[in-house]
Amino acid sequence: MRDKRRAIEWGKDALIALLTLSAAWLLTMTPLVQDSGVLGLLSPRESPGTGLPVEGSGRMMRPVRLAVTGAGGRYGVQYDEERLEELFLPLGALLGDALSSAGEPASITEAEWRNCLGEGKNIYFDFQGEAPLAALGRWLQSQEAAGTELDGCARRVLLCAGAGDQVLLCWQEAGSGQFFRCPTALTQTLHLDPMVERITPNGAHFAFESQELVRLLDPYTLVAEGEQGGAEYAVSVPLEGEAGTGKTLEALSFSGQNHAAVSGGEVYLDGGDRLVMDGGGTVTYRAAQPGKYPVGPTLADGVDGARALAERTLGAMCGEARLYLISAREEESGLRVNFGYLLDGCAVRLDGGGWAAEFWVREGFITQFTLRFRSYAASGERALLLPIDKAAAMLPDLTDGRRELALQYWDGGGERVSPSWVAV
């Protein structure tokens, strides 16, 4: 009898516990709790550490070319997004560590730069555009960079062996064309050697290492065997239809209620701020006064804020393309930041300036921007392309200026794009 009573009491306790858990679960489903942020505090968090940050910035700052040089030769890759992403996961983290621990920079000659690039152990990154080193260091780290915040912008960056066990960070300044290097906290034994030893050389080389090509091409044109470029893409305008418009308005924090028709499109108002969407997929914004899009006081803050806005608008709707930073330049009227589209590591040049997005940052706020929405989908067909050495020989406009030869897509507003060799 006593055992039967005890079992009944245990059953009551179990039922009370079950009802309590059910009530708690139902409470978490209410809008009050869902919107409060409490659930985020209870969710498990990833432990901080060195490596790539959120997907948006990691994708945007992935280089379009990589080359790793060891004792046995060089492995280079370009026009192959899948392989670039695979390689950049560990190499990008290494570059982030180098930038965060960079010492004082010193100027070097072009001969010294070529010596670092062409001989010994090194890892070469080509970002296509002009990346501010301070922003690059921030984007490739999960935490704020603890070391020296380097000034200037660079397209080409190099990690190479220095004296003893030292690893040097080298780059070419985008504006002046000068070359610099600085020490880092990395060591060859722990950081550079393990990366370099993994590669299998594929015959990649720079134009300055070939007596024939250096007469035709920019000396730092990378020539890699087995290049994968050549895919053709169908093009569409993702703003066509209510879904695309609504998604963009939400990303830009504009309401779809307060709007009016204008010539060729719609204007949306937020106080005195104006957002105009035209029928061709171009969105422009003008602030009546700063306040809607705060970014911060520094150049790196401005670039990072523009990047975030570009990623959640263009980047979310561009299909198989990705965004890359073309340039970030301080001008009299403010900071101008431009982004472009890439397909398979090839730049997409849009009609009317080439870029996909342009932002103006003044006094710590984004006050103006233009976004050009395009979405790209592989058609399954490929273009016939000459090898780079034969293409260089057939383009006479390269001879005088020794310009770089690269695969590029031209998007003039049609429904299809194909790659071709272009002197840039």
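Me: Which residue takes a positive phi in the hairpin of β11 and β12?
Reply: In this predicted model, that residue is G264, with a positive phi near 85°, and the hairpin has 2 residues between its strands.

Me: How many bridges join β11 to β12, and which way do they run?
Reply: There are 4 bridges joining strand β11, residues 259-262, to strand β12, residues 265-270, and the two strands run antiparallel. One of the bridge partnerships is that of V262 with G265 in β12.

Me: OK, switching to the open sheet: what is the order of its strands?
Reply: The open sheet has 7 strands in the order β2-β1-β4-β5-β6-β7-β3, and the pairing is antiparallel.

Me: Which are the edge strands there?
Reply: The edge strands are β2, residues 73-78, and β3, residues 106-108, each of which pairs on one side only. Going from one strand to the next, the twist averages 25°.

Me: How many bridges join β5 to β6?
Reply: Strand β5, residues 153-161, is joined to strand β6, residues 166-173, by 6 bridges, and these two strands run antiparallel. If you want a place to look in the structure, find L159, which stands opposite L169 in β6.

Me: And which strands does helix α5 lie across?
Reply: Helix α5, residues 81-100, lies across β1 (65-70), β2, β4, β5, β6 and β7 (179-187), and the helix runs at about 85° to β4.

Me: Now the aromatics: how many aromatic pairs does the count come to?
Reply: The count comes to 18 aromatic pairs. Take Y124 and F206 as an example: their ring centres are 5.0 Å apart and their planes are at 85°, so this pair is edge-to-face.

Me: Where in the chain do Y124 and F206 sit?
Reply: The pair links distant parts of the chain, since Y124 is in strand β4 (residues 122-132) and F206 is in strand β8 (residues 205-206), with their positions 82 residues apart in the numbering.

Me: Is Y124 buried or exposed?
Reply: Y124 is buried, with a relative accessible area of 1%, and F206 is buried as well, with a value of 0%.

Me: Why is the pair of W171 and F180 stacked?
Reply: The planes of the two rings are at 20°, which is under the 30 degrees that stacking calls for, and the ring centres are 5.8 Å apart, so W171 and F180 count as a stacked pair. W171 is buried at a relative accessible area of 2%, and F180 is buried at 18%.

Me: Which residues form one aromatic cluster?
Reply: The cluster is formed by W113, Y124, F179, F206, F208 and Y220, and you have already met Y124 and F206 as an edge-to-face pair.

Me: What lies over the face of F254, and what about W139?
Reply: K292 lies over the face of F254, at 4.6 Å from the ring centre, while R307 lies over the face of W139, at 5.7 Å from that ring's centre.

Me: Last topic, E232: which strand does E232 lie in?
Reply: E232 lies in strand β10, which covers residues 231-236.

Me: Why does E232 count as buried?
Reply: The cut-off for buried is under 20% relative accessible area, and E232 has 12% relative accessibility, so E232 counts as buried.

Me: What does the side chain of E232 make a polar contact with?
Reply: The side chain of E232 makes a polar contact with the side chain of S418, at 3.2 Å. Leaving aside neighbours within four places in sequence, E232 is in contact with several residues, including A377, G380, R382, R416 and V417.

Key
Residues numbered from 1 in each chain as written. Predicted model: local features only at pLDDT ≥ 70, side-chain atom pairs only at ≥ 80, totals over all residues. Heavy atoms only, no water. Phe/Tyr/Trp six-rings, centres within 6.5 Å; stacked < 30°, edge-to-face > 60°. Buried < 20%, exposed > 50% of the residue type's maximum accessible area, 1.4 Å probe, protein only. Lys NZ or Arg CZ within 6 Å of the ring centre and 35° of its normal. Pairing = 2+ DSSP bridges. Axes fitted to C-alpha atoms, helices over the stretch in contact; angles between N-to-C directions. Contact = heavy atoms within 4.5 Å. Polar contact = N/O pair within 3.5 Å; in protein donor to acceptor, adjacent residues only side chain to side chain.
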